[in-house]
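Thanks for making time this morning. I would like to walk through one model with you, going from the whole chain down to a few side-chain pairs and one helix packing.

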Amino acid sequence: MRLFPIPRCLPPCLLLVLGLAGPAQAAEGDVRLKEEVARCVPLVYDAPRDALALADRLLALPALPLAMKIDAVSCRTSALHQLGRNDESRQAISQLQALLRTPGLALGEYDQVQRRVAFLLLRDGRIDEGLRILEALQERSIATGNIGGQILALGHIALVHAEQLDDPEGALHYQQQALTLSGHLPRPPRPQDVTLNYNHGCTLLQLKHYEEAGRAFDRAEHIARRLSMQEALLHSIRSDRAEILRARGHRRIARSELLAVLHWQERNNPLSRVTTLQYLARIALDEGVPEQARELAEQAAMVAEAGRFPGHRERLELLAEISIAQGDAAKAHGYLRRARQSDRPGMSEESLARLARMQARAAQALEPARVNALQEANRDRLLRDIALAIAALLLVGVASLYLRTRRQQRSLRRLLASARPLLRHRDG
């Protein structure tokens, strides 16, 4: 009998900041250097050690332009977090925040970098700092009519509900809002669409809505396969699908899938490897082999503690459940006591008030009639810009034709003028 919730899949919004490279706005430097900077962040989630090495190499270059330095430090921060090197990640966050305070810096060009900082601050328990950044980003997206930015704000509200308030139902509400809006935007798929669907699937899986979770993972996978640098996510989806198979009683197939995923994650993704080990432990528990379940759960805990990854409470609860299956009530009680002690402290009144403001602004700004009006305005603006561009091209074409005709006329007059003396000489 299941006494505790299933362990959460890859933590919600890990990819939210995730798959989104920083702005390639720097005018300095050669094209090759810009390309190296641009590929660093997408590399984080498939090969974090390679991303860290690339970021360090870029930052060692003399006189790296500010825009590139911001992107490289941002990449380094995410890679350190992914590898569980949290003390170094905190130092990198402080460095990144200092760079973003550079006088004269156009912060609007660094929205993705700021979202990444906010996400890492939330993960580090610095909730009000993270929410302060997210609220400012939300206000800017509302002021500029940026629906995409407002969709990301909904995703972050869902993150706070899922991770800080332990409220998956609340998270689900905001994820569904974000997905509904995203589905109506006339644009090609983006990494944030993968993230929205994947996080939605994870929340549904946590709530044991297996059929709906499977459909969300289907959508995430469909989009991910149309984009690049999505290997880590695709392996995580495969792992989560295996958990659904286990819950439906298909343990043999689930184990085979998990072992295949684990082989890749051991080399490339230690954070999601923890989740896969916990899924394997649950299969062993279902099969009445608690000794094997404990070995797998302890291995997951060891990897997680070495990397200081989130989800400590869920790991302790799994170990408590295994202890009950082994008939060791005292050990189970010890794990549960530690799990209660490891719960995050409640959000401050200031943080709760800020979150409430963000939720109210989202409800006001994303009212359907307003969104439709904004989309119509954006469409009209696009059509107007296209018309102006065509008119400009026609004017350029007409002007070029006129100038070419004038040049030809002048050349013809010069030619006729030079030919007249020769004609008179021949007539004589």
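Of the 428 residues in the protein chain, 50% count as buried, where buried means under 20% relative accessible area, exposed means over 50%, and partly exposed is in between, with a 1.4 Å probe and protein chains only. This is a predicted model, in which local features need pLDDT of at least 70 and side-chain atom pairs count only at pLDDT 80 or more, while totals for chains, interfaces and linings use all residues. Residues are numbered from 1 along each chain as its sequence is written, and side-chain values use heavy atoms, with hydrogens and water left out.

The chain exposes about 21000 Å², of which carbon and sulfur atoms supply 55%; accessible areas here come from the Shrake-Rupley method with a 1.4 Å probe, and for residues only the protein chains shown count as cover. As for secondary structure, the chain has 19 helices and zero strands, these being DSSP runs numbered from the N terminus, H or I over at least four residues for helices and E over at least two for strands. Among contacts with a separation of 6 or more, 67% are between residues 24 or more positions apart, a contact being heavy atoms within 4.5 Å.

Let me turn to the charged pairs. A search of the whole structure finds 30 salt bridges, each defined as a side-chain nitrogen of Lys or Arg within 4 Å of a carboxyl oxygen of Asp or Glu. One of them joins the side chains of E163 and R123 at 2.6 Å, N to O, and this pair links distant parts of the chain, with E163 in helix α8 (residues 147–164) and R123 in helix α6 (residues 111–123), 40 residues apart. Both E163 and R123 are buried.

Are R238 and E257, which also meet in a salt bridge, at 2.9 Å from N to O, buried or exposed? R238 is partly exposed, at a relative accessible area of 33%, and E257 is likewise partly exposed, at 24%. There is also a network of salt bridges, which links D128, R132, E135, E350, R354 and R357.

The pair I would like to spend longer on is E321 and R282, whose closest N and O atoms are 3.1 Å apart in a salt bridge. It links E321 in helix α16 (residues 312–325) with R282 in helix α14 (residues 270–286), 39 residues apart. E321 is buried, with a relative accessible area of 5%, and R282 is buried too, at 1%.

How do these two helices pack? The axes of α14 and α16 are 11 Å apart, at an angle of about 15°, where axes are lines fitted to C-alpha atoms, for helices over the stretch in contact, and angles run from 0 to 180 degrees between N-to-C directions. That makes α14 roughly parallel to α16, a label given to angles under 35 degrees. The contact is made by V274, Q278, A281, R282 and L285 of α14, together with E314, R315, L318, E321, I322 and A325 of α16.

Finally, a residue in a loop: L64 is found between α3 (48–59) and α4 (66–82), and at 14% relative accessibility L64 counts as buried. Leaving aside residues up to four places away in sequence, L64 touches L33, L58, L59 and K69. L33 is 31 residues from L64 in sequence, with 9.6 Å between their C-alpha atoms.

How values were computed. Parallel < 35°, antiparallel > 145°, perpendicular 65-115°, else oblique.
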